[in-house]
Every structure is written in structure tokens, then in C-alpha cells.
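Thanks for sharing this one with me. Here are my notes, as numbered points that you can check against the coordinates.

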Amino acid sequence: MSISKTYQPKEAEDKWYSYWLQHKFFRSVPDEREPYTIVMPPPNVTGVLHMGHMLNNTIQDVLIRRARMQGKNACWVPGTDHASIATEAKVVAMLKERGIAKKDLSREAFLSYAWEWKEKYGGIILDQLKKLGASCDWDRTRFTMDEELSDAVIETFIHLYKKGSIYRGVRMVNWDPQGKTAVSDEEVIRKEVNQKLYYIKYQISGEDSYLTIATTRPETIMADAAICINPNDERYLHLHGKNAIIPLINREIPIILDEYVTMDFGTGCLKVTPAHDLNDYELGIKHNLPVIDILNDDGTLNEKAQILVGVDRFVARKKIAPLLEEAGSLEKVEDYKSQIGFSERTDAVIEPKLSMQWFCKMDQLAKPALDYVLDGEIKLIPEKFTNTYRHWMENVKDWCISRQLWWGQQIPAWYLPNGQYVIAKTNAEALEEAKKISPDNTNLTDADLLQDEDVLDTWFSSWLWPISVFDGFKDPDNADINYYYPTNDLVTAPEILFFWVARMIMAGHEFRGKLPFENVYLTGIVRDKQGRKMSKSLGNSPDPIELIEKFGADGVRVGMLLCSPAGNDLMFDESYCEQGRNFANKIWNAFKLIKGWDIDENLSNPNKIAIEWFDSRFNQALTEIEDNFKQYRLSEALMATYKLVWDDYCAWYLEMIKPVYQQPIDKETYTATVSFFENILKILHPFMPFITEELWHDELFGERSERDCCIVAQLLKNGEINTQLLTATESVKQVVTQIRNVRNSKQISPKETLQLTVKSSGNINYDTYGSIISKLGNVTELTSVDDKISGAVSFMVGTDEFFIPMEETIDPAIECERLKKEKEYLDGFLQSVNAKLSNERFMNNAKPDIIDNELKKKADAEAKLKIIEENLTALAC
RNA sequence: GGGAGUUUAGCUCAGCUGGUUCAGAGCAUCUGCCUUACAAGCAGAGGGUCACUGGUUCGAACCCAGUAACUCCCA
């Protein structure tokens, strides 16, 4: 049988993923084992897999697979999010292509199109995740608009309303004129934009003088309600108590005084437009100013503007400048940079707009949610996010939860003909409630009640996710929720710490009295090499599926993890995936080597030390890896594994025990080596599930039953670590390296054998390790002497001296130079050590073990110096 | 404008409670190798004023203050 020269991922991936599915290895049902649970941050139904998902889900899969192999009942719940605004926008666009306008459709008709769209595209990401190897319990896949989850949303709304936490009110909201809906503060992205600052002259009423205001939004002057100046501004004392006249429309407005105005910004005169600016709105309330809203929902000007009616706000801005110019009211225009809010979903410029919305009070919900984190019951990883979290939670504003959309859970508010409203789940219940609050209205029928048109913010469903996926609302005491909740780890992006994580903690506390998860692992943002965020519009993001095809899923997983320290952004580059692919190949080739050996039962085992050494080294690495996992340092856990496999196992161990070409190996070594390899497959599995499963089933490891799979193999407990053996072997490795170095510098082929002589100081028993040195250094004869050998290349390892006789003569001058350099170094070293030891304050203040260490350093250095000095004398230099 | 964070090798990052002359890893680079597991590889090697300036200390990449640059969050 011939084994391919390199690892071919494609076939193994398809084969084993379906094998796992078929044998239900991802399936989790409550049992007596300890649960380990992750709920997947549900991706949007509108999305396609991007690098952020790849990173996020690789991490979750590593955690879940490891837990599974630790004997825990691992449950990873997948699902998707309905993403009201984004999805509705997609559906509207799709309908437009088919020549259908949303406004011509009934709500029901529109929703059926939306569902059709969701069925068609909504599962794409989840399918793509399978290619990555995600071991989710797919039977538990949920969608935020599933019936049970929607019910939970409605009931939650009713509960919070009854508690007084939800109210309806007119507020300045972030209006998305393209999505025609309000969005929350968190959904507004601020960007610095080049704008113009228009200086506009307003005539003072009854006078022939003017004042000048500076604004970036000249199209809103028609909505002005006042001009505000700082009462301390001496330039404008003459304006106190007067009125100004808005140009073009000639409406008279008062000049008011408020210290809010910054005197040195613009002209020091501020136009106050309560309907179209948040700060102006507050100023308006304070000064009892009228609110004049001149914009329609789609961002065009309405008849209140009197001019430019029906024109879009940005077109109006362009058109009004010449009008003002003509009227002699435009003083000048300057370039100006400022922050502008954009809708996260549609990228439209956000319009501050007054409207009637539903709000959820945050103060009471925020307090306990903050405490969980401050008390350390919930850990944010890395810790630095705790500060950000606290800052946000302490300054949290009420949450605008209504959206002027159809796709989502419709708000369970029902309006009576008289304008009163009741909150109820169904029309029938609403009718009952309505009769209660409106006793005069006994002949109300359900047809008289109109349900609120709006739907709830998507986050108002996803904040319930860790509870609702286990039906914790429908059936609060069911076996699943009792077993899986609180979940263990949440892996998500820091961008949605407030949107989502904070609110889940609130919901967890409010509805279950318990935190929803114990650890929040915040991943970085995937950026390209130049540090730009990867995005579709920039076109700088590789297609994850193509990456998988190119490097294999294991390779890509390794690549993602190699460059992803927790919480730090990662500068992604394909070369990391290449490194991952190469690693898979290395493992493949180690397998090929072992696979090719024949066993001779009659041979005795010459490799006892090597085996013992690797056993210790393996256990040492296990400890490191475990420690890294405990601290969620996944990239370091992977690196520790990588080095164990590549360096220790392949480069050292296999070379130590490898039989001469086409010679058989002894049984004992073979068994140990195969067993090591199997253990290595286990620790590799969470990172590289496919290649490990593929190799696991090779006959090299004997017969396997159908369910004996790497994915469910149990990780080993840490065994003993023989530190003495480990340090001795380190020295032995150094000897080998030195020999190779000599070969390199003298251009001696590895094939040419050498003689090696050691003058040992007795720290290492070369009878024991000699065979390893001989084999790896290609040394025929290793002899021990008590005296130096002349005419040989020499080197030192620790305080042992080694000699390799050379036919060509050694240049004493070069040798002298080398020795002198080393002596210089050691002298300096010794001096610094002695300086410490003779320093009274050091001796008084330093801990005893540190002093001991210094003494040991001194002794070592002195011993080495002695040898070097002897050598120098011998060479007479 | 307010708050947080970052700055260590060409790149990406470790460096826990100051204590080896402490400066480390992977990748990249350079040199030599087609040595029958692996050129997607093997064997070696060279890379750094730990952003800057002061301070504390017997001792500072690490603690403190200030400066600079960058990033993020909030307004």
C-alpha cells in the first residue's frame, strides 16, 4: 500500500464530519456527567461566513472538543439571529428586483416573503461552519424568531411592562431614514467626515443689524426655535431680550441665554433646532421652545419647512446655500471636520428625530449585571474589558426597543379607539384588559383594538438567547435549562459587549436570578496585514471557504489560532494558514515513518532512556498546555502542542529511536512510540480534528470499534515528570547540537562519522546517554578521558569538555580568540554576581533562595572559567 | 473634550508577584544540505538602547511620574 506523500485534507474532512454526525457525537442530552455548555453567538441570517466567524467558531470548537475529551457532557448550541433591519432591507431589495414595492404589500404578505427569504439563505453560515469542523449539537439549532423564542420575547416584554420597566415616550432617537426605523445608540457608528461649516446671517428683529451663526446643517434653519448665546459673552450683550429673523422664511425667533453655548466655537451664536438635534432638544425643553419637525421619515423636507418641500435633506443642503447667498444671508463657508453617525445596518446618515418609541429602563437591570462582573462571578477575558464594561454600565441610558419594521416580534401593545393602550399577548386578552381600563366602553370588540405596528429590536430577542435556546421561558423548570444553565463560556467580539453581552447578563439575572455564563472570551477583530478591518467593501477579506480548500480546515484552524491572542486584534495573513497546513503535513509524515517499520520480536530495546525522556517531556507539555487553557491562552496552548510534536517528538524522539533504514525495530520501542503518537493525536484533536481522526483509525493503532473515535477519546491525566532526566537530556541535546555545529563549520558531511572524547565533570553519566549522542551525532566512538586532548576541536557543555580529533590542524589563533571571548563574558558575569554578593543591602534584602541562586551562579561560572583558563594556558596565548 | 489600552527582533506576540549577562517564541531572513518520514523538509546561524526622559530600588522590560506615537470606547 502506498501512502500519499502529503496529507490530503479534503477527503478526510468530508468523511469524518459525516461519520461524527452519523454517530451523534455532537449530540448532548442531560446526564450525570458535568455539563460544559456554550451557546453560539447567533450569526445574522443575512450573513455569509467571514473571517470573524471563522475565528470565533474555531475558538468555540476548540473549547467544546477539549471539554468533550475531558469527559464532560459538551453541548454547543448553534443558531441564527433574525436581524430585523438588515433582513428587512434585504427582503425589500429582493422584492424591488421582482418589481414589488413593500408599501403595496400587506404585513402578512411581506412576512411570507421574508420567511421565504430566510428559509433560502438563513442557514448558509451554519452550513459553512460545518466545513470548519464545528461540532455543534445541530439538533438544537435555534432561530430567534422560532415560535418558542418569540413567545419568550413577548412574555418578557409583558413582564417588564408590568414591572414598570418598559414605557412609551417621545424621545429623540437615532432615525435611520433609509431603514425608516429608529436604531439604538449602539447601532450608530460614528465616523469623521469632511463637511462644510456655513456662516448664516440672521437679521435682528426691528433693527438693521445682523447676527451670524455657524452650522453644518443649513437645511434645518426652517426648524429653528431660537438663537442661543452665552450670557457671559460680552460681544452679544446688546442682543439680550431681542428676536432674530430666520432668513428665507422670515420667521421670528427669540434670542435666549444659556451657558451651554461655547463662546469660542463658530461665532458664539447657536441656532437652536429642537426637532433635529439632541442637545438642542434638551435646550428646548429647558427654555420651553416649540418643536418644529421639518423632516419626513424618509429624510425629505415636509411642508413645515415651507421651502424645498419634498426635497431630500442632503439635496436641500446643497440647494439652500445658493438661496441664502442670493438673499444676502450667507456670510461664508468653511471646510470642517466632524463626527457623524451612520446606521450600522444601512450606512445611512443617522437623523436625530423625535418620535414615539418604546423604551426599556436600564438602571435597575444594570446594577446587578455590573456586580456579577465586578465581583468576578463573570470573568471577562482579557480582564481589561472590565473597565470598559463598568464605564458603560454606570452611564447606561434607557434602551429604545421599538423598530419601525415588520420583520421581528410585533410589540404586544393594543390601542383603543380613544388612544389608550393595553399590553397583552393576544387580541382576546387585550380586549379583556381594555374593558378593565375603560369601563365605559363595554361594547368594545376585538376589531376595535389595533396592535402596535412596530416590532422589537433584535437584541431584545437575543438577550434571552442563553435561556430561550433551552426553553427556559416556556418551561422554566425543564431538564435542559436546569442542566445546561448557567452556561460556561461565551465567545464573542468586544464590539457587542454592550449590545449583547451586558444585556444577556441583565436578562440572566432578571429571569433566572443567575448569571448566564461564567467566562466571556472576547476575541479580537480580524484585520489585514495593514491593520485594516476586514470587510466586504474593502475587498480585503479572503473567502474562508476558499482558504479551507487551499489549506485544509485543520490548517486554517491552526492559522487562525496562531495569530489570535485573546482580546487583541489579529493581523491575519494567509501565511499562518500555510504554517498550519505544513504542521498537518509534518504530523502526516511522522505517521508515515512509523507506519513503515517492521517489528522484530527478538530485538531488545536499546531506547529505554529516549522513551523515558519523551514520557516525561510529554507530561511536562501537558501541564503547560493545561495551564494555558485555564488562562484561555489558546494560541499559546497551541504553540506548546506544536513544539511538543514538531521539536520533541519528530525532531528529537523519533530521530533517537529510528532504526537504520530498512532495519526492523524492537517491539518495546515500537509499542511505546505508537502509544505516544496516539496521545499526541489526542492533544492535537481540539485544534486539528480532521487529521487526528483520520490517523486515529489507522490499523497502526489496532482494531477500533465503531464508536472508538478520537473526538471522544479521553485526555490523559498528567503523569510524572522526571526533571533530572529532562535537564540531563537538555545537555545531551546541546552536545549533539555542538557536534552538528562542528560539522557545519568544518564542512563535514553528516554521513562522515566522527570520534568524540569527553572530559566529564561527572554531572552526566555518558554511559547512559552515549548511545543517543552517538546516534544523533553520527559518532562511532565515544571515549572518556581525564586529560585534555590536543589537536582536536573542542567545545563545552556545562562544565564538560568535548574533543573531536581533526586531521586538519586547528588554528590556535582562532581558538584563542574564541576562548578569550568566552572568558571575557564569564568574567563580566562573575563580576556582576560578585557585586551582588558583596553588596550588604542585597544580602539583607534579597530572599534566601535568590541568594542561593547567586551563589550557584558564582560556582558555575568559576568552574567554567577554570577550564577556559587552563585551555588558554595550554594554547599559550 | 472625557476614559481605557498599546508601544519588546523584519512581522505577530510571550515575558506571572522587580532577582541568572534576561532579553524569549513562532514566522520571515541568511548559510549548508534532494542525509529514502517529511524541500509543505533537515541541520545550523544572525537579528533587539524592551518608544523616550526622569524617579524609586542593592537591582527595572517589569513599579512611579512625565513626553511622544498609535488604537479603541464614550461625548
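1. Let me start with a cut-off: a disulfide is a pair of cysteine sulfur atoms within 2.5 Å. This is a predicted model, and by that rule it has zero disulfides. Why does cysteine 269 form no such bond? Its sulfur lies 9.3 Å from the closest cysteine sulfur, that of cysteine 228, so the two are too far apart for a bond. Cysteine 269 is also buried, at a relative accessible area of 5%.

2. Cysteine 360 is likewise in no disulfide: the nearest cysteine sulfur, in cysteine 400, is 11 Å away. With a relative accessibility of 0%, cysteine 360 counts as buried.

3. Now to the nucleic acid. There are 49 residues around RNA strand B, and those that come nearest are Gln579, Lys586, Arg633, Tyr825 and Phe829. By class, this surface has 17 nonpolar, 15 polar and 17 charged residues. On the RNA side, 64% of the strand B atoms within 4 Å of the protein belong to sugar or phosphate, and the rest belong to bases.

4. Which helix gives the most residues to the surface near RNA strand B? Helix 18 does, with ten; this helix spans 574-595. Other helices that each supply at least two residues there include helix 20 (634-657), helix 25 (812-837) and helix 27 (848-875).

5. Some individual contacts with RNA strand B are worth displaying. A polar side-chain atom of lysine 586 sits 2.6 Å from a phosphate oxygen of the strand. For lysine 836, an N or O atom in the side chain is 3.5 Å from a phosphate oxygen. Tyrosine 576 offers another kind of partner: an N or O atom of its side chain is 3.2 Å from a sugar or linking oxygen of the RNA.

6. Finally, please have a look at strand 31 (residues 800-805). Is this strand mostly covered or mostly exposed? It is mostly covered, with five of its six residues buried. Strand 30 (residues 792-797) runs antiparallel to strand 31 and is joined to it by six bridges, with alanine 792 opposite proline 805. The two strands form a hairpin with two residues between them, and glycine 798 in the turn has a positive phi of about 60°.

7. Strand 31 has another antiparallel partner, strand 28 (residues 754-759), to which three bridges join it. In this pairing, threonine 757 stands opposite phenylalanine 803. As background for viewing these strands, side chains in a regular strand alternate between the two faces of the sheet.

Note on methods. Residues are numbered from 1 along each chain as its sequence is written. Chains are lettered from A and ligands numbered from 1 in the order in which they are written. This is a predicted model: local features need pLDDT of at least 70, side-chain atom pairs count only at pLDDT 80 or more; totals for chains, interfaces and linings use all residues. Side-chain values use heavy atoms; hydrogens and water are left out. A residue is near a molecule or strand if one of its heavy atoms lies within 4 Å of it. A polar contact is a pair of N or O atoms within 3.5 Å; within protein, one must be able to donate a hydrogen and the other to accept it, and residues adjacent in sequence count only if both atoms are side-chain atoms. Helices (H or I, at least four residues) and strands (E, at least two) are DSSP runs, numbered from the N terminus. Ala, Val, Leu, Ile, Met, Phe, Trp, Tyr, Cys and Pro count as nonpolar, Asp, Glu, Lys and Arg as charged, and the others, Gly among them, as polar. Buried means under 20% relative accessible area, exposed over 50%, partly exposed in between (1.4 Å probe, protein chains only). Two strands pair if DSSP finds at least two bridges between them.
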